[in-house]
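Visitor: I'd like a quick tour of this one before I head back to the bench. Where do we start?

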Amino acid sequence: AIQTRLQQAYAGVTSIKAEFLQDSYLQALEISEKSQGKVLFERPGRMRWDYADPEEQLFLFADQTMWFYQKAQNQVLIDSASDVL
């Protein structure tokens, strides 16, 4: 009964928005980095990651396309989501 109610509630969700903290470690360079920002998941198949720290960046996935914006470089990279993932 609980599983059915949980599945019904999940089926009605069209988007989820949250703040995140991310700890990354690049072993090859022996570098650690902490990042934070906001994330949004939206059905069907859309995702947005807004990084605030350590630098402003935006990852946007929609319609099988990925956009990556780096504010400091004033640059946008656009690629196929399937090639990136």
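**Rings and strands**

Guide: Let's open with the rings: searching the whole structure turns up five aromatic pairs. A pair here means Phe, Tyr or Trp rings (for Trp, the six-membered one) with centres within 6.5 Å; planes under 30 degrees apart are stacked, over 60 edge-to-face, and the rest tilted. This is a predicted model, where local features need pLDDT of at least 70, side-chain atom pairs count only at pLDDT 80 or more, and totals for chains, interfaces and linings use all residues. Residues are numbered from 1 along each chain as its sequence is written, and side-chain values use heavy atoms, with hydrogens and water left out.

Visitor: Why is the pair of Tyr51 and Phe59 edge-to-face or stacked?

Guide: The ring centres of Tyr51 and Phe59 are 5.9 Å apart. Their planes meet at 65°, so this pair counts as edge-to-face.

Visitor: And how do the rings of Phe59 and Phe68 sit, stacked or edge-to-face?

Guide: For Phe59 and Phe68 the centres lie 4.4 Å apart. The planes are at 15°, so the pair is stacked.

Visitor: Is Phe59 buried or partly exposed?

Guide: Take the cut-offs beforehand: buried is under 20% relative accessible area, exposed is over 50%, and partly exposed is in between (1.4 Å probe, protein chains only). Tyr51 is buried at 15%, and Phe68 is buried at 13%. Phe59 has a relative accessible area of 23%, so we call it partly exposed.

Visitor: Which residues form one aromatic cluster?

Guide: Tyr51, Phe59 and Phe68, which we just met, are among them. The full cluster is Phe20, Phe41, Trp49, Tyr51, Phe59 and Phe68.

Visitor: What is the order of the strands in the open sheet?

Guide: Strands are DSSP runs of E, at least two residues, numbered from the N terminus, and two of them pair if DSSP finds at least two bridges between them. The edge strands come out as β1 (15-26) and β6 (75-80), each pairing on one side only. With six strands and antiparallel pairing, the order reads β1-β2-β3-β4-β5-β6.

Visitor: Which residue is the bridge partner of Met47 in β4?

Guide: β3 and β4 pair in the antiparallel sense over five bridges, and a hairpin joins them through three residues. Within that pairing, Met47 has as its partner Phe61.

Visitor: Which residue stands opposite Gly37 in β3?

Guide: Strands β2 (residues 31-42) and β3 (residues 46-53) run antiparallel over seven bridges. They form a hairpin with three residues between them, and Gly45 in the turn has a positive phi of about 65°. Opposite Gly37 stands Tyr51.

Definitions and conventions
Helix = DSSP H or I, 4+ residues; strand = E, 2+ residues; numbered from the N terminus.
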